[in-house]
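Hi everyone, and thanks for coming. Please have the sequence and the 3D view open while I talk, and we'll walk through a few spots together.

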Amino acid sequence: MKRFIVILISVCFIVKDLHAQDISKLTVPTSPAFSILNFEPSAIMRPTNAKSLATDVLNSFDKDGKLKLNLGLEVAPYWLSSHPNLTRAQYLQPNMGQTFLQSLSMSAALVKDSASGNNKLSAGFRFKLYNGEPVKALEIASAELKFRTTVVSIINGIKNVVDANTINTKQKAIDAIEKALVTKNIAKAIIDKLKKDAASISADYTDAMADIKLFLDKLIAVRVDGYAELAKTVSNLLYERKGFVLEFAGASGFNTSNKNSVEKIGFWGTASYFVSSDDLFTLTGRYMFKNADTASNNIDIGLGFLKKNDQYNISVEYMARFYSAQIEDINISNQPIKRVEKQFTYRLAAQASYAISKDVSVNLSLGKDFDSPFISRSGFFSILGVNYSIFSKEPLKLK
């Protein structure tokens with residue numbers, strides 16, 4: 001078994017990256033501890049600092065000192081404290097050690113199985129060793145946001161020096177702002193837009209000192225409203241990567257109602273290559289051990305491709321599985337035995353979705369699923385469906 005795990009991990013280092021959530025359920029899970037149990041706790045604690053972690057841990061015990069059920073904990077140790085010396089360059093283009101620290105997350109869950117009544121405990125981890133490179137769009141958007149932030153800063157600075165001797169009219173305030181923007185090499189288009197906005201609201205204010213300041217406050221408000229969406233874009237682009245990404249995870253599940261017996265162990269590895277943020281290839285490996293009524297071992301290795309844009313998504317995957325299972329049986333003397341069955345099977349799937357409108361999409365899945373030693377059925381599947389979003393994806397702005 002150790003030999004198989006070594007081979008699995010070695011294979012994962014050969015090829016390239018992914019967005020794990022976008023391709024297959026066999027890729028690295030977002031929360032390994034929850035995935036290994038096939039349960040989502042009703043309450044999940046996600047502390048962001050050491051004080052919150054201590055509070056959450058204390059609150060996870062009842063008055064008798066016993067752990068509460070249906071609780072989950074996810075924590076990223078590195079981000080529990082501040083890092084004032086961490087530069088933007090180190091964050092966006094970390095070395096292997098820094099990538100590991102920034103991406104390491106740990107999860108745990110304690111749930112009650114509603115079917116068997118048993119209590120289940122799990123623990124897991126997840127980390128990256130390589131995380132690609134930032135997308136070019138991030139630098140472009142960040143530069144534009146920096147310019148717009150500079151404009152707001154300059155307007156605010158001029159507002160603070162408005163007086164009866166130098167800046168005593170709205171026009172003089174605009175002239176002073178323009179001069180400062182030119183000195184900062186702000187693009188002419190941005191300056192012209194500022195002057196146009198100023199002209200459109202100028203009639204609402206007089207040249208009294210208080211009104212000039214209100215006039216400049218309004219210009220600031222217009223600027224802030226204008227780049228709020230840009231700031232959101234920059235925030236989203238921070239998570240988009242291109243190039244090679246290598247990610248690993250592991251988890252184990254225990255039945256605490258049965259002498260803490262091990263029920264599941266899982267290790268995942270994903271090597272992906274992002275041609276762009278919307279086109280990627282991925283090599284996935286997984287080892288799973290299950291110990292319930294029968295014991296089974298699965299080793300899965302597969303390739304996938306994903307293409308996505310605003311209108312459609314297409315993904316194709318092939319996953320090879322080598323499994324062994326101990327199956328309860330009876331020999332020729334009617335004595336109970338455990339028959340060991342070893343086999344190779346595979347999953348081949350193609351999936352596509354097409355957005356008809358903002359809230360409606362058509363989805364098609366075709367392929368063959370894994371064969372199972374426990375279930376006799378056709379492995380081929382085809383699914384056609386329509387998704388309709390009832391709720392708006394953006395919060396409604398009330399005035």
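Let's begin with one pair of residues in a sheet: phenylalanine 248 has glycine 269, in β6, as its bridge partner. Before we go on, please keep in mind that this is a predicted model.

So which strands are we looking at here? Strand β5 covers residues 241-255, and strand β6 covers residues 261-276. The two run antiparallel and are joined by 13 bridges. They form a hairpin, with five residues between them. If you look into that turn, you'll find lysine 259, which has a positive phi of about 55°.

Now look at the other partner of β5. Strand β4, residues 119-134, pairs with β5 in the antiparallel sense, again over 13 bridges. One place to check this is lysine 120, which stands opposite asparagine 255 in β5. Is β5 enclosed or open? Twelve of its 15 residues are buried, so the strand is largely enclosed by the rest of the structure. While you have strands on the screen, here is a handy general point: in a regular strand the side chains alternate between the two faces of the sheet.

Let's stay with lysine 120, since there is another thing to see there. Its side chain meets that of glutamate 263 in a salt bridge, at 3.2 Å from N to O. This pair links distant parts of the chain, with lysine 120 in strand β4 and glutamate 263 in strand β6, 143 residues apart. And how accessible is lysine 120? Its relative accessibility is 9%, so it counts as buried.

In case salt bridges are new to you, side chains of opposite charge can pair when their charged atoms come close. How many salt bridges are there in this model? The count comes to 17.

Here is another one, this time among the helices. Aspartate 207 and lysine 170 meet through their side chains in a salt bridge of 3.2 Å, N to O. Aspartate 207 is in the loop between α9 and α10, while lysine 170 is in helix α8, so the pair ties together parts that are 37 residues apart in sequence. The two ends have their own accessibility values: aspartate 207 is partly exposed, with a relative accessible area of 38%, whereas lysine 170 counts as buried at 11% relative accessibility.

A third salt bridge sits within a helix. The side chains of lysine 193 and aspartate 197 meet at 2.9 Å, N to O. Why are they separated by about one helical turn? Because they are four residues apart in helix α9. Lysine 193 is partly exposed, with a relative accessible area of 42%, and aspartate 197 counts as buried at 11%. Arg223 joins in too: Lys193, Asp197 and Arg223 are linked in a network of salt bridges.

Since we're at α9, let's see how it packs. Helix α8, residues 170-183, and helix α9, residues 188-201, pack at an angle of about 170°, with their axes 11 Å apart. Roughly parallel or roughly antiparallel? Angles over 145 degrees count as roughly antiparallel, and α8 and α9 are therefore roughly antiparallel to each other. On the α8 side, the contact is made by Ile174, Ile177, Glu178, Leu181 and Val182, and on the α9 side by Ile191, Leu194, Lys195 and Ala198. By class, that contact has seven nonpolar residues, two charged ones and no polar ones.

Next, the loop between α8 and α9, where you'll find asparagine 185. Most residues other than glycine have a negative phi. Asparagine 185, though, has a positive phi near 60°. It counts as exposed, at 64% relative accessibility. Asparagine 70 also has a positive phi, of about 60°, although it is not a glycine. You can find asparagine 70 in the loop between α4 and β2, and at 29% relative accessibility it counts as partly exposed.

One last stop is valine 224, in helix α10, residues 209-237. Valine 224 and valine 152 are 72 residues apart in sequence, and their C-alpha atoms are 7.7 Å apart in space.

Let's zoom out to finish. The protein has ten helices and twelve strands. Of its 399 residues, 35% count as buried. Thanks for listening, and do turn the model around for yourselves!

Conventions:
Residues are numbered from 1 along each chain as its sequence is written. This is a predicted model: local features need pLDDT of at least 70, side-chain atom pairs count only at pLDDT 80 or more; totals for chains, interfaces and linings use all residues. Side-chain values use heavy atoms; hydrogens and water are left out. Axes are lines fitted to C-alpha atoms, for helices over the stretch in contact, and angles run from 0 to 180 degrees between N-to-C directions. Angles under 35 degrees count as roughly parallel, over 145 as roughly antiparallel, 65 to 115 as roughly perpendicular and the rest as oblique. Contact means heavy atoms within 4.5 Å. Ala, Val, Leu, Ile, Met, Phe, Trp, Tyr, Cys and Pro count as nonpolar, Asp, Glu, Lys and Arg as charged, and the others, Gly among them, as polar. Buried means under 20% relative accessible area, exposed over 50%, partly exposed in between (1.4 Å probe, protein chains only). Two strands pair if DSSP finds at least two bridges between them. A salt bridge is a side-chain nitrogen of Lys or Arg within 4 Å of a carboxyl oxygen of Asp or Glu.
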